[in-house]
Amino acid sequence: MKKNSNFIQSLICAFKGIIHVINAERNFRVHIFFSVLAITLSLILKISFLELSIIFIMIAIVLVLEIINTITENIMDFLCKDYNLNVKIIKDMAAGAVLVSAFIAIIVGLLIFIPKIIVFIGD
């Protein structure tokens, strides 16, 4: 495989990778849906710049870990065609990393949004 000759070519390849994950991975699309929902709620509730930054950081963590999980699963499937308990454990751990980040993102979202929603409803 030939190395990209310039920065633009590298960006194009990176975007192709993201498009592939969006098209191939249902869970990534679910994370995108909830990311858009969180951003929309952030705009409606007019959260602070710091809170919005935290929301974007949590979104990035979850999405990046989902991509890493997909990469891990694809590599392990490529390397080992037959069932292997060790491969299953590796894939489960990668999925667990996504799950932990998603749960923490939910907690962070609740900590930020619930007080704002209470105020919003009270007005």
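This passage describes the largest pocket, a nonpolar surface patch and two partly exposed residues of a predicted model.

The largest pocket encloses about 460 Å³ of space. Its lining is made up of 19 residues, of which F34, S35, A38, A105 and I106 lie closest to the pocket centre. Two or more lining residues are contributed by each of helix 2 (26–45), helix 3 (49–79) and helix 4 (85–122). Helix 4 supplies the largest share, with 8 residues. By residue class, the lining of the largest pocket comprises 16 nonpolar and 3 polar residues, and no charged residue is present in it.

On the surface, F7, I8, L11, I12, F15 and I18 together make a nonpolar patch of about 600 Å². One of these residues, L11, is located in helix 1, which spans residues 7–24. The relative accessibility of L11 is 34%. L11 is therefore classed as partly exposed, as this value falls between the 20% limit for buried residues and the 50% limit for exposed ones.

A residue of helix 4, I90, has a relative accessibility of 32%. Because this percentage also lies between the limits of 20% and 50%, I90 is assigned to the partly exposed class. Along the chain, I90 and M76 are 14 residues apart, and a distance of 8.2 Å separates their C-alpha atoms.

Note on methods: Residues are numbered from 1 along each chain as its sequence is written. This is a predicted model: local features need pLDDT of at least 70, side-chain atom pairs count only at pLDDT 80 or more; totals for chains, interfaces and linings use all residues. Side-chain values use heavy atoms; hydrogens and water are left out. On a 1 Å grid over the protein atoms alone, a cavity is a set of points where a 1.4 Å probe fits but cannot get out, and a pocket is an open set with protein on both sides within 12 Å along at least five of seven lines; lining residues have an atom within 4 Å of a point. Grid points are joined across faces, edges and corners, and a volume is the space filled by probe spheres set on the points. Helices (H or I, at least four residues) and strands (E, at least two) are DSSP runs, numbered from the N terminus. Ala, Val, Leu, Ile, Met, Phe, Trp, Tyr, Cys and Pro count as nonpolar, Asp, Glu, Lys and Arg as charged, and the others, Gly among them, as polar. Patches are made of residues with over 30% relative accessible area and no salt bridge: like charges are joined within 9 Å, nonpolar side chains (Val, Leu, Ile, Met, Phe, Trp, Tyr) within 5 Å. Accessible areas come from the Shrake-Rupley method with a 1.4 Å probe; for residues, only the protein chains shown count as cover. A salt bridge is a side-chain nitrogen of Lys or Arg within 4 Å of a carboxyl oxygen of Asp or Glu. Buried means under 20% relative accessible area, exposed over 50%, partly exposed in between (1.4 Å probe, protein chains only).
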